[in-house]
Amino acid sequence: MKKEKTDKKILSGAELLVKSLQGKNIKAIFGYPGGTVIDIFDCLHDSDIDFYLTRHEQGAVHAADGYARASGKPGVCIATSGPGSTNLVTGIATAQMDSIPLIAITGQVPTNLIGNEAFQEVDTTGITRAITKHNYLVKDVDSLAQIIDEAFYIATTGRPGPVLIDIPKDVQKAKTSNISSKPINIPGYKPTLMGSLKQIKKAAEFIDNAKRPVIYAGGGIITSGASDLLRKLAEKTDTPVTTTLMGLGAFPGTHELFLGMLGMHGTQYANYAIMESDLIIAIGARFDDRVTGKLSEFAPHANIIHIDIDPTSVGKNVKVEIPIVGDAKHILKELVKIVKDKKHNDWIKEVNTWKEKFPLSYKKKEGVVSPQYVVECVREVTKGNAIISTEVGQNQMWVAQFYKFDKPRTLLTSGGLGTMGYGFPAAIGAKVARPDMPVFDIAGDGSIQMNIQELATAVIKNIGVKIIILNNGYLGMVRQWQELFYNKRYAATCLRTGALNPKKCEMVKKCPEYTPDFVKVAEAYGATGIRVRKNDDVKNAIEKAMETDGPVIVDCIIDSEENVFPMVPAGSSLTQMIGGMA
Amino acid sequence: MKRIIFVLVENKFGVLARVSELFSSRGFNIQSLSVGETLDSKLSRITMVVDGDDYIFEEIKKQLNKLINVIKVRDFTGVDHVEREMLLIKVNLSKNTRAELMEIVDIFRAKIVDVGKKEMTVEITGKDNKIQAFLDLIKPFGIVEIVRTGKIAIARNKNEGGE
């Protein structure tokens with residue numbers, strides 16, 4: 001009898017998954033094991049992919065996100081079914097809001113148990129439907145190869161985002177000979193890249209005729225890799241540039257045309273420039289409420305050109321004269337070619353007057369550390385050649401204001417969702433992606449505690465992330481709002497004894513000095529802890545942290561009532577800034 | 001404002017949930033919804049009647065287009081189209097009312113699809129006003145049960161709203 005030719009390989013679902021990830025050149029995965037993903041971990045065990053065991057699934061998803069932001073490549077995380085997948089939810093939503101390419105792989109109970117309230121069962125695709133770019137429940141191992149390919153394609157193209165693949169345990173075990181995928185053809189998903197030439201020409205005309213133009217750039221520039229083109233456009237047309245929080249690093253922070261960030265905690269000169277402008281060139285930004293302030297009073301004199309890859313972002317919040325849907329890189333390339341060389345001497349002079357009159361500034365105080373100075377010192381010590389992640393709140397805004405980001409992918413921050421606890425695990429992911437770069441997480445004493453367990457991950461894997469805690473004993477940003485808008489009633493924002501009875505704070509003598517003592521926390525995990533109490537010691541401490549191997553916590557005791565200024569109160573016009581240096 | 005839209009989607013599980021969720025998450029009520037395969041069995045056509053704020057509706061249309069499994073979204077507002085809905089109505093019957101009921105059914109070009117001693121089931125197809133008029137007339141006889149397919153619509157011009 002003739003032997004049948006069996007050149008077709010047979011793989012299990014789990015083997016196929018790991019092989020496919022290797023095929024996608026995935027070098028690192030972050031995650032946490034559990035009952036429904038044992039098969040996948042069993043295969044990972046033999047592979048050359050570096051696996052990072054975090055101490056919480058949320059740490060894993062943020063680390064994958066930080067990896068993606070720092071490297072520009074998709075981040076991958078794995079969690080088990082039920083609580084494993086629900087613990088990913090915050091991180092997936094964070095990536096979705098900031099358009100970060102992420103592949104989340106979750107285990108699911110065997111297909112015959114789905115819907116039976118089985119142990120550790122939740123409807124993962126149902127829960128994550130609204131917070132993923134797309135998600136898949138794999139019901140048949142024969143479709144797995146195709147789904148993995150599509151997932152990576154969807155996550156990384158167009159406006160990127162997280163894609164989740166939910167794989168039941170029996171599908172991981174089942175064998176398939178379908179181990180390669182067909183060319184991707186998703187009829188409902190064809191991102192527009194090129195941008196209409198007609199619209200680009202029209203935009204160029206507007207730019208040529210503008211007297212007071214401003215470029216308003218967002219994270220889309222960084223995603224698209226269009227920073228150099230943005231700079232060319234700004235220089236050729238002599239146009240000042242402001243960016244969103246997500247756009248910091250898209251344009252050199254030290255460039256003379258740079259206005260800093262705009263919006264709620266943006267610079268006064270950026271906000272004034274927007275309000276006086278006759279043409280706003282918005283690129284890869286979405287006119288978010290933290291940027292526009294009161295919408296009806298936003299940029300009253302300006303025509304708006306809006307370039308974005310996501311058609312749903314264009315014209316969503318403001319009326320746009322020239323919408324251009326496409327990839328910023330392609331569109332800017334054309335635009336730079338056809339716009340005329342320009343000089344806007346009067347306009348630049350006016351903008352520079354605002355810059356001189358209303359600079360970002362702070363006063364150094366005795367006996368405490370100034371948070372803004374800490375941020376400046378990190379930049380000075382690293383010469384700006386570092387990756388900085390932040391948590392959310394005052395720490396995030398001080399970084400945005402005072403660290404002059406010169407290069408894209410050097411700031412990792414949860415801009416859209418505003419996730420406390422993001423910064424530290426993201427920094428771990430970034431350090432894995434870019435071991436050559438110093439990586440700092442600039443945190444508050446509130447937010448660092450949301451994922452402080454990842455110190456174990458960093459210590460065990462010797463991931464030398466440096467954590468700077470701006471420690472004010474408060475949930476500072478909410479406290480600031482309470483100070484300014486709630487008559488100083490610090491309800492539930494004091495992180496010490498005062499939390500129980502804020503009014504009687506002075507009378508409470510038993511308040512412990514630190515809750516917790518972060519130096520001891522660092523030491524308990526086997527990391528290094530340094531405490532800083534005055535500005536004179538800040539630089540030394542940061543230098544020491546840089547020289548120390550492995551993770552370091554620098555606990556900086558700052559004034560408990562330090563505020564982030566200037567500030568546009570929520571819902572006010574951009575010209576109504578408080579606390580600036582007028 | 002009430003609108004009829006159709007959404008052409010890939011015929012896969014979970015797609016209907018994605019589409020309807022965009023409406024529900026914005027507080028839009030879907031008044032009727034019908035789904036069926038198209039000539040190409042890989043595709044399904046969802047026809048919906050929704051009621052709500054115009055601005056939000058435009059937003060939803062854009063978001064629908066953004067869904068990976070959605071191929072096309074068309075709004076029949078301002079488009080010349082034919083719309084139909086079918087109803088099955090079970091109505092009380094007695095010797096005395098039989099003739100009158102059959103007469104009404106006849107006038108409305110409805111169809112008797114089942115008849116028993118005490119009940120009869122009628123099928124009717126048409127636009128809103130016709131169906132409403134029919135229901136008004138037979139209500140006094142005592143309606144036992146109604147089931148509606150939800151509205152479907154097709155554009156008259158082949159260039160508008162086609163697949």
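**Helix burial, crossovers, cores and domains in a two-chain model**

Helix 18 of chain A, residues 423-433, is mostly covered, with 11 of its 11 residues buried; a residue is termed buried if 20 or more other C-beta atoms lie within 10 Å of its own, exposed if 12 or fewer, and partly exposed in between, with C-beta atoms placed from the backbone. Helices (H or I, at least four residues) and strands (E, at least two) are DSSP runs numbered from the N terminus. Among the buried residues of helix 18 of chain A are A:Phe424, A:Ile428, A:Lys431 and A:Val432. The model is predicted: local features require pLDDT of at least 70 and side-chain atom pairs count only at pLDDT 80 or more, whereas totals for chains, interfaces and linings use all residues. Residues are numbered from 1 along each chain as its sequence is written, and chains are lettered from A and ligands numbered from 1 in the order in which they are written.

Two strand pairs of chain A were examined, pairing being assigned if DSSP finds at least two bridges between two strands. Strand 2 (residues 28-31) and strand 3 (residues 50-53) of chain A run parallel and are joined by four bridges. A:Gly31 has A:Leu53 as its bridge partner in strand 3 of chain A. Between these strands the chain passes through helix 2 (residues 38-44) of chain A, in a right-handed β-α-β crossover; right-handed denotes that, with the strands pointing away from the viewer, the path from the first strand over the helix to the second runs clockwise. Strand 19 (residues 528-532) and strand 20 (residues 552-557) of chain A are parallel as well, paired over five bridges. Here A:Ile530 stands opposite A:Val554 of strand 20 of chain A. The connection from strand 19 to strand 20 of chain A runs through helix 22 (residues 538-547), and this β-α-β crossover is right-handed.

A:Val554 is also one of the residues with the most contacts inside the largest nonpolar core, which has 194 residues. A nonpolar core is a set of buried Ala, Val, Leu, Ile, Met, Phe, Trp, Tyr and Cys residues joined through C-beta atoms within 7 Å. A:Cys77 likewise belongs to the residues with the most contacts in this core. Residues up to four places away in sequence aside, A:Cys77 touches, among others, A:Ile29, A:Phe30 and A:Gly31, contact being defined by C-beta atoms, placed from the backbone, within 7 Å. A second, separate core of 11 residues includes B:Ile89, B:Leu93, B:Met120 and B:Ile138.

Chain B has four helices and nine strands, in the order β-α-β-β-α-β-β-α-β-β-α-β-β from the N terminus. Its C-alpha atoms fill a box of roughly 60 × 35 × 30 Å along the principal axes. Of the 163 residues of chain B, 25% count as buried.

Chain B is divided into domain 1 (2-75) and domain 2 (82-152), with bounds from an automatic or database domain assignment. The domain centres, taken over C-alpha atoms, are separated by 30 Å. Six residues of domain 1 and five residues of domain 2 of chain B form the contact. On the domain 1 side, strand 2 (29-37) and strand 3 (43-51) of chain B each give two or more residues; strand 2 of chain B gives the most, with three residues. This side has three nonpolar, three polar and no charged residues; Ala, Val, Leu, Ile, Met, Phe, Trp, Tyr, Cys and Pro count as nonpolar, Asp, Glu, Lys and Arg as charged, and the others, Gly among them, as polar.

Definitions and conventions:
Two residues are in contact if their C-beta atoms, placed from the backbone, lie within 7 Å.
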